[in-house]
Amino acid sequence: MDLESNYEIARTAKFISGGGFTRVALQFPDELLKDSVRVVSVLRDKLRRLRESQSDSDRNGDVKDVSLFVMADTAYGSCCVDEVGASHINADCVVHYGHTCFSPTTTLPAFFVFGKASISVSNCVKKLSDHAVRNGKPVLVLFGLEYAHLIQQIRDEVVETCTSSSGLEIQFAETMSSDMKPSESHKISNGSSEPASVFSDDKCIRTVAGNRYSIGGLVWELREGHKMEDYLLFWIGSDNAAFASVVLTFNGCEIVRYDARSNCMVTDLSQQRRILKRRYYLIEKAKDANIVGILVGTLGVAGYLHMINQMKELITATGKKAYTLVMGRPNPAKLANFPECDIFIYVSCAQTALLDSKEYLAPVITPFEAMLAFNRGSEWTGAYVMEFQDLINSSPLVSRNQSKEARFSFLKGAYVEDFDIQEDDEDKEGDLALANATEKALQLRDNPNSLAKQPARSGAEFLVSRSYQGLDILNGNTLPEPYLIGRSGRAAGYKNEKSGEEKL
């Protein structure tokens, strides 16, 4: 496939010219950065031809030049629009290339170019039809956005196949509009507000009405009286973050995957479903945490500040200490600099929120998991929410007048009492703050001759409990230490050393 078609040069130039943008940021992921120079060259030529045609029709000649800037090495996930990087060049809009999570932007309009991956349409249709006939359930087809350009062709062949299969019902999701405005609800890619279509055995196309769903740039509606659990989810694409998001969000559905690269079906998803068990374990571990670090995983997704403040209020209401950390993409080395944190909450887009924290000193959880862990009495029903926008104002915070009964910790195997970090605030103010923290950091056991270190409740208590707290300052000794004269010369032979001949 040629470059202009794969990177949709004509549609991109039309978007830039139609919006009147003069400073455009082109965001490339690492794997597509090799094509950035050619894309800029071809896009600049296309914009120049459009500008010339507009200047011929416009007698005033008020057509401005367009400056193109290539952005790479984003501070956070490459699937999100890097509005921070675009603001450094005062960009009017961002053109995002490659895989995207379709998270809404805050300030800048964006245009998404998904790319066009190859797939065997006939083989995919055959696998889809055969599996749908054997299963017997209605089928909902979801796909990676890189295959969106071939979905219509797959859909047409499925319609022909449905004529020979009695009772077969297959529904395809639609792709959201690639033109995104800040914090605006997206339209369906065909430009209309019509819901998704259903292809039945009588070869008719029915418009469905009912519950509307969307995930990762896909949108669909179910018929009245149907639930997601009634459908077989057929995913077309690779085993990536988008597919993991689908598996976790719709964990109650039967899901199969068609691997377009190897042209085969993958029905064993036990490894993906095992992630749910791991996440439930992390929720139980978060309940025993005293110090919580909030990791800022995005600076562009709409609503991230509101989510951070909501997490702070939730943590404070449960008597825990919260610290907000901004460090770009987290890794074990970065988070190891904050050993006082028992747990981290990663506020980011849905497709980068799930970090495999096995190599980290402390677990990393999502805002949804934090709400389950810190809301006293809440239970996990099996539903899983990936988008933190869905959590904003979704549930009230824990009341401070809540019952102070001890809760049972599954990890410790005993009842524990949640510590209220804000009690006796008047005693913690002023010069006595560190002294009070020191006093609470140590507690006498039943044996008065032994001291046991309690888990730290704040950063100050953790500092006191550490064996090394930095360089010691000798108070009272104001005299400077005597200085010593070091060696002079070169390392091959200092002046005070004997030469090789003298040694012999």
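Two strands count as paired if DSSP finds at least two bridges between them. I'm opening with that rule, everyone, as it sits behind the first thing I'd like to show you. One caution as well: this is a predicted model.

Let's start with a small sheet. It is open, has three strands in the order 7-12-11, and its pairing is antiparallel. Strand 7 (174–175) and strand 11 are the edge strands, each pairing on one side only. Between strand 11 and strand 12 (residues 218–221) there are four bridges, and the two run antiparallel. If you look across from Ser214, the residue opposite in strand 12 is Val219.

While we're at strand 11, please find Tyr213. What does the ring of Tyr213 pair with? The partner is Phe250: the ring centres are 6.2 Å apart and the planes stand at 70°, so this pair is edge-to-face. Tyr213 belongs to strand 11 (residues 212–215), while Phe250 sits in the loop between helix 7 and strand 14 (254–259), so the pair links distant parts of the chain, 37 residues apart. As for accessibility, Tyr213 counts as partly exposed at 23%, and Phe250 is buried at 9%.

Now over to another sheet. Here five strands form an open sheet, ordered 2-1-3-4-8, and the pairing is mixed. Its edges are strand 2 (67–71) and strand 8 (179–180), and each of those pairs on one side only. As a reminder, strands of a sheet pair through backbone hydrogen bonds, either parallel or antiparallel.

Strand 4 is a nice place to see both arrangements. With strand 3 (residues 93–97), strand 4 (residues 110–113) runs parallel, joined by four bridges. With strand 8, strand 4 runs antiparallel, joined by two bridges. We can put residues on this too. On the strand 3 side, His96 stands opposite Phe112, and Tyr97 has Val113 as its bridge partner. On the strand 8 side, Ala110 has Met180 as its bridge partner.

And which way do the residues of strand 4 point? Ala110 and Phe112 point one way, Phe111 and Val113 point the other way, and all of them are buried. Helix 2 lies across strand 1 (23–27), strand 3, strand 4 and strand 8, and runs at about 175° to strand 4.

Just ahead of that helix comes a loop that I'd like to spend a moment on. Glu8 is found there, between helix 1 (3–6) and helix 2 (9–19). Is Glu8 buried or exposed? At 14% relative accessibility, Glu8 counts as buried. Leaving aside residues up to four places away in sequence, Glu8 touches Val113 and Lys116. Val113, you'll remember, is the bridge partner of Tyr97.

That brings us to the aromatics. The model has 11 aromatic pairs. One of them is Tyr7 with Tyr97, an edge-to-face pair at 5.6 Å centre to centre, with 65° between the planes. Tyr7 lies in the loop between helix 1 and helix 2, and Tyr97 in strand 3, so the pair ties together parts that are 90 residues apart in sequence. Tyr7 is buried, with a relative accessible area of 3%, and Tyr97 is buried as well, at 1%. Ring pairs also bring in Phe28, linking Tyr7, Phe28 and Tyr97 into a cluster.

Next, helix 8. Why do we say its length agrees with what is expected? Because at 1.5 Å a residue, the 18 residues of helix 8 (residues 270–287) should span 26 Å, and the end C-alpha atoms are 27 Å apart. The buried residues of helix 8 are Gln272, Leu276, Arg279, Leu282, Ile283, Glu284 and Ala286. Those buried residues pack against helix 7 (241–249), strand 18 (343–347), strand 19 (364–365) and helix 11 (367–374).

Last stop, the cysteines. How many disulfides does the model contain? The count comes to zero. Have a look at Cys80, though: the nearest cysteine sulfur belongs to Cys349, 3.4 Å away. A disulfide needs the two sulfur atoms within 2.5 Å, and Cys80 is in no disulfide. Cys349 is in no disulfide either, its nearest cysteine sulfur being that of Cys80. Both cysteines are buried: Cys80 at 10% relative accessibility and Cys349 at 1%.

That's my tour, thanks for listening!

Technical notes. Residues numbered from 1 in each chain as written. Predicted model: local features only at pLDDT ≥ 70, side-chain atom pairs only at ≥ 80, totals over all residues. Heavy atoms only, no water. Buried < 20%, exposed > 50% of the residue type's maximum accessible area, 1.4 Å probe, protein only. Contact = heavy atoms within 4.5 Å. Axes fitted to C-alpha atoms, helices over the stretch in contact; angles between N-to-C directions. Expected span 1.5 Å × (residues − 1). Phe/Tyr/Trp six-rings, centres within 6.5 Å; stacked < 30°, edge-to-face > 60°.
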